[in-house]
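Open the model in your viewer and keep the selection panel at hand. Each stop below says what to select and what is there.

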Amino acid sequence: MNKLISVIVLHLLLISPMFAQELTLEGTVVDKTGIGLPGVNVVVDGTQIGTVTNLDGYYSLQIPSRDVTLVYSFIGMNTVKEEVNGRTRIDVILSDDSQKLEDVMVVAYGTTTKEAYTGAAQVVDKEMMENRPVTSFEKSLQGTTAGLQVTSSSGQPGAQATVVIRGIGSLNASSTPLYVIDGVPMAGGLNDINPNDIENLTVLKDAAAASLYGSRAANGVIIITTKKGKAGQTRISFNSQVGISSRISDGYKLMNSSQIYEQSWMGLYNWGLLYGEHENGDPFNRQDAIDYAHGSVKETVGFNPFGVDNPLDDNGQVIPGTKVLTDTDWRDEVYKTGVIQNYNLNVAGGTENTNIFFSLGYYNDSGTTLSSDFTRYTSKINVNHKVNSYISTGISNNLTYSETNAPPGGSGFANPVRSAEVINAASPVYNNDGTYNWDNKAIRDFNPVGLSELDIYRYNDVRGILNAYINVNLLPSLSFRSTGGVDYANSKGLNYLNPYHGDGAGVEGRSSMSRSDNMILSVSNIFNWTKSGADSNFEVLTGQELTTGKSTFLSAEATKFPIPGFPDLSWGAKPEQPSSGPSEWKLLSYLGQAKYNYGGRYYFSASLRGDASTRFGEDNKWGLFYSVGASWRLSEESWMQDIAWLNNLKLRGSYGTSGNSSIGNYASLGLYGSGANYGGFPGIAFVQPENNDIAWESIASFNIGFESRLFNRLDVNMEYYQRDSDGLLFGKPLSASKGFSGIITNLGAMVNKGLEATLDYDAIRTSNFKYAVSFNITSNKNEILNLVNDRILSGSKLLEPGASLHQFYLQEWAGVNPDTGQPMWFVNADSDDKAGNVIPESAYLDPHGSGRQVTSSYSDAERVRKGTALPDFYGGLTNNFSYKNFDFSFYFYYSLGNQIYNDDYATNMHDGSQPGINLAADALDAWTPNNRYTNVPRYVAYSQDEGNQMSTRFLEDASYLRLKNITLGYTLPQAWTERFHLQGLRAFVSGENLFTLTKFKGFDPEAALNGRLGNAIPGVKVVTVGLKIDL
Amino acid sequence: MRISTYIYIGLILLAQTLFVSCNDDFLNPQPETSIGDKDVFKSYETAQAALVGVYDQLSSYAFEGLFVPIISDLTGEDVMISPENNYNWFVAPYQMNTLPNYTFSESPWWAGYKVIFDANMVIKYAQQIPDATQEQKNRIEGEAKVIRAFVMLKLAQMFAPAYAADSEAPSILLAIEPLKHDDPDIGRAPLSAVYTQMEEDLLSAINLLEYKNDILDKGFFDKRAAQATLARVYLNMQEWEKARDMAVLAHQDVKLMAIGELSNGFYYRNSETIFTVAYTADDNNVYLSIPSFYYPVYGYSSMRANNRFVEQFSNNDARNYYFVMEPQVDSERYLIVKFLHNQQVGNAERISIRASEMHLIEAECEAELGNNSAAQDALHVIRSRAIPGVQKSSAVGQALVDEILIERRKELFGEGFRWNDIKRRQSPFVRAGDHWVRFDFEAGDKDYYRMTYPIPQSEIDNNTALTNEDQNIGY
């Protein structure tokens, strides 16, 4: 009956205008700059009557009466309602509503609005991550967010970057932030997440933002929200992107074959003059030295790269006209042009009650280095469903399979990157008969080109992340949410070393296989209670969380492979020691949070969390973490309303604590481990000393800042923070008499203080041309406050109170003695490296006139403090242009004041101490009696001058400015796409890391956060073209 | 479902986690691939495994398996390392230029102290093993004591001056308890204290241990091995009588190798072996082994003999065959074929103590004691085996001592003795002939500091009881 009445009423409503007088209304719709907006929908509220504005923003409309309301709407703009009230002309200004879209942000255990938030957090939108030729999203974050430092230390496809939020807060434990995906903390393996599946990220920086994650929040938190479907038309989009990658820079030049041959000759000749002696004890004369050098040079270099037996004259120079047969550029052999392919298919859609999103992704990077590549297949399903008026539920599912080929890194002989630097150019890749040449003077039997064909280093990973939730609104003011997560990873590794050459030759081939799986289960149950008054709002969250992690591994190995190319263990005639074992951790937590806001002006928040972890000592199982925060929106105060140019001003402050529990499982126990077998008997050995006191690292964070918007164009945000880390987990160095060189203990305190500033400026906002620029800068100062030992020497670094964690401590290079060609170091007798201020016997006055004492005896020089590996400033500069259907953006990343000890360069500047190992072309400038003023010492074969020992000679300023990304895109006009029955089509060309400005000599100044290089694959630069089609 | 049902489920979940948190095991999971240190000595099997583990660490390449013996010969005149194709292994020791941060100083130090630490655990708890017989307890404790003394002796020889030069000189760290990480650090003990400790340990071990004459047991220390080690300790102390007595006890009833066996390659224990590093190729790095460096092919193959040394062997000396000139491998220097691979690269035990050394100790002590005839007899045992038909020496006094010392070099080169033999007698150090790094200095010269290794920089940095002032002279 009711239904019938409503149908009749509806009909009456529709019919009635036919009897009413038709009235005409007109007007224009413009944007804030006064330019007409075409295509704006103008509808009479509650009816189907409406029209669309023309190119100039003009509209005219027949309306049923003069007392209706009109609704003006346009995508990306605020919707405006106007009561006609008898008017015949209505002009409307629509403003951008992008500001409004940013308002809701995902934070710890829920969402909030930007206005209401008391913490320091920044949202990074999908635009920053989509269609970037990187395997994992964190690499796209470099330079986007103040306080966030991202460092890629390897160009291995699939390798992850190091992410640090607001300075390194830990000495020994991990400084990696906690990653939370769709509300559930996840284990590492960021490259298992397809960046194209991410809707946005929230970087939680201070205690008010992160402290609710308790013992895992010390290094900040990054919350990942994946894409979801929206009610409305189902949208299918297909992205494809293809590109080529290459080594990021050329690095310093290496010697060619003639140069290394001549240089080696000179080294032998110098050796002869200095140390050569006949059987009877008579020293060599000049001719003896020449003869010795002629006789030994081929053996020293390994090969005579020339067409004749005696290519050098008595001055060690190549006789003009000598034909060079071999001149191998080993870098050209090891590095190649990579191809990147990235394809993604997304389907998003839904109804009011159910929305879905699913995607398929394929990513392949063939790598820039021999036998390094990465292939990934991803799939994602997100479903959210409203069961009834008070229950909603959803599931989010990521499934990933990847295959990586990654040659070994570090100083191992099988590392192709190192091979390219140390094998000299006189060594051929192939023998005359076309087979590989396995001989060279640097790493005999390791030809990187040959090994890339014969050896296998392959890793397969399967990852499933499945999160599900149910949300129940128990009362209008009370809701309950239960979230369960499964994060499962299964990894398989295969290292096959062929029986003939390289590492496997000694055992006639070796194959090792490993399998590990890691399962993290987490459950959280959270109650949320909200009470709104007329002027205030009160919100309380309380709940419990349990996370358990269990991993197992299995590895086995066999040697003696009779047939090459078959890596399966079944082929190995001799099985080796297998191993397996589980490992386990648990974290039990209770948490609560309260938020209060009064009048939309004053906001307060407080949180508390208790965590118990299995990793810590008997006496320190529980940790308690809290935070308080407040913000004040001054611009909402009545007395601020008159300041028209100030659109927003908010002050914020917070203080709180969090913890770091990133140390190994069972770290507190004294343990004996297996495998110490002897003479065929099984044995065990003490492997870990007991430490019952071991506890959390705690960080107390203070943050104060403001957010503002001026002239409706310029956003200015600034923050000051101080993060005090205490009880730092650190391998306290021990005397050998205690059996171990160190023990993990809570011994240190450190502080990171910093200033962050972000400026966003909408410079031009006409309807056709837009230009926005955004700049951020972070200055972070890291300072150790307290160590158990007064100072700890660790390689090239000195840890001590008052200094940075990565402070270099090195002998100070004083150049080359112009009279002898020997290296010199400043004595620095008054340094605190050695007790007493005794000038050693070997000291003499600096011949370069510095007035200081120098020595040519390395061990007599004392080490001094020389800068740090951490930058003084870093940040990004982003520029976005759009003109009609073109968009163009580029952004820079910069890092200033950081130093790198260039280990690679030191290897190639050995001054003869490693004869036969390749040299940098700079070594041509070595001291000779005719080249006395140089920074390169004399070149002597088997040199004992120690000039290439660790000193500031190889310490370089690694400040740099990099064009991180540049993209030009074109979106096809709608009229055209409609003709092809498409919803949208965009084509783009994009470049990553195309240009770097730096004084650093190596491949990549980004290579190391700690300032040391490890022969990792250099970074890459990439150019891609792509197409995005919306169906 | 009704709302109340959800609340009910939620409460159950909460209650469950509350319950588990009260359970002690929940937050104290135990590892499954290792054993708590307190549990190790609760049974004989695990205690015995812990003892085996100490031997394993002793045998590692960083200590008795390779570094200590090879460095001991390279710090001498008889052999050298070829700089070719050797990847810089042991070049600094040969150049007599091992700096405090070099692995050749760091590795033996750290490896040695780890062995001592684990041995200290065994010594401390051996008598408390509940299910062991007294005999078993004694054996475990005794073996661990020999290991501790054996390692201390090697460390003292490397890192401290000679006992004969200054018995009160600062030496090594005297760690005789398993120290905890927060115990006070200990500094360098005077040499005399270290020698007293070694003597005490070995005398105690001789009491606790039995003779084990089965060749299969030679990978472990027995009473005889304790006596032999003590003979070495006394020899360093120039306690000639005590050294002789121990040496005689140690070689008593031991059948020396036959002349034919001298060329068998020293890769497996033989009749005169008192202790061998029972190296197995399957759980060790085969390239870091003695034959890998000594044998002319298959490994690093970079050890060479000095021509002046080779010339001292008479033509009819069976040991002359240890040296070959093979221009295809090395056109200039003598290759050494004393140490062979056993079928596979690096598959070789390293004979660490053998009876011939004990005869030579006996000879040297007797000569020093003026018992020329006894010394000549003892020397003749070794010499007549290698050189059939050789006449017994008729030298006396210093000439006899010198002859015995030369014989020691010939018999034991490559087995890790030369460095200490020069040092313990404060003899001159002279490299001549085809050495590519030469020296000529004697005790009292500035360069003599090279005969003592630097305390590793890491130890000085880590140990609060040490500063750079405590470093050995010359570094």
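**Domains of chain A**

Begin with chain A, which is divided into domain 1 (19-99) and domain 2 (257-326 + 910-947); such bounds come from an automatic or database domain assignment. Colour the two domains and look at the gap: the C-alpha centres of domain 1 and domain 2 of chain A lie 86 Å apart.

Some ground rules apply to the whole tour. Residues are numbered from 1 along each chain as its sequence is written, while chains are lettered from A and ligands numbered from 1 in the order in which they are written. This is a predicted model, in which local features need pLDDT of at least 70, side-chain atom pairs count only at pLDDT 80 or more, and totals for chains, interfaces and linings use all residues.

**Strands of chain A**

Select residues 478-497 and 510-532 of chain A. These are strands β23 and β24, which pair in the antiparallel sense over 20 bridges. Helices (H or I, at least four residues) and strands (E, at least two) are DSSP runs, numbered from the N terminus, and two strands pair if DSSP finds at least two bridges between them. To check the register, find A:Ser491, which stands opposite A:Ser516 in β24(A).

Now add β25 (536-559) of chain A. β24(A) and β25(A) run antiparallel and are joined by 23 bridges. The two form a hairpin with three residues between them. Here A:Ile526 stands opposite A:Gly543 in β25(A).

**Three loop residues of chain A**

Go next to A:Lys560, in the loop between β25 (536-559) and β26 (574-598) of chain A. A:Lys560 has a positive phi of about 60° although it is not a glycine. Is A:Lys560 buried or exposed? Neither label fits: A:Lys560 is partly exposed, because 16 other C-beta atoms lie within 10 Å. The cut-offs are 20 or more other C-beta atoms within 10 Å for buried, 12 or fewer for exposed, and partly exposed in between, with C-beta atoms placed from the backbone.

A:Tyr666 also calls for a look at its backbone. A:Tyr666 has a positive phi of about 65° although it is not a glycine, and its place is in the loop between β29 (646-660) and β30 of chain A. A:Tyr666 is buried, because 20 other C-beta atoms lie within 10 Å.

The third residue is A:Ile248, in the loop between β17 (232-247) and α4 (257-275) of chain A. A:Ile248 counts as buried because 25 other C-beta atoms lie within 10 Å. Which residues does A:Ile248 contact, leaving aside its neighbours within four places in sequence? Among them are A:Asn993, A:Phe1003, A:Pro1018 and A:Val1020. Two residues are in contact if their C-beta atoms, placed from the backbone, lie within 7 Å.

**Chain B**

Switch to chain B, which has 17 helices and eleven strands. Its C-alpha trace spans about 105 × 50 × 50 Å along the principal axes. Buried residues make up 52% of the 475 residues in chain B.

Select residues 81-235 of chain B, listed by UniProt for "domain: SusD-like N-terminal" (unreviewed entry). The span is 54% helix and 5% strand, and its end C-alpha atoms lie 29 Å apart. Then select residues 273-475 of chain B, covered by the UniProt annotation "domain: RagB/SusD" (unreviewed entry). This span is 33% helix and 11% strand, with its end C-alpha atoms 38 Å apart. UniProt positions are given in the numbering used here, feature names are shortened, and annotations may be inferred rather than shown by experiment.

**Where the chains meet**

Show both chains. 67 residues of chain B are in contact with 60 residues of chain A. Elements of chain B that give two or more residues to the side touching chain A include α1 (3-22), α3 (44-58) and α6 (103-125).

Zoom in on strand β30 (residues 671-674) of chain A, which pairs with β1(B) in the antiparallel sense over three bridges. A:Leu671 stands opposite B:Gly36 in β1(B).

**The cores**

Last, select A:Val221, B:Ala50 and B:Val54, which are among the residues with the most contacts inside the largest nonpolar core, a set of 283 residues. A nonpolar core is a set of buried Ala, Val, Leu, Ile, Met, Phe, Trp, Tyr and Cys residues joined through C-beta atoms within 7 Å. Not counting residues up to four places away in sequence, B:Val54 touches residues including B:Val115, B:Val122 and B:Ile147. A second, separate core of 13 residues includes A:Leu25, A:Leu37, A:Val40 and A:Ile90.
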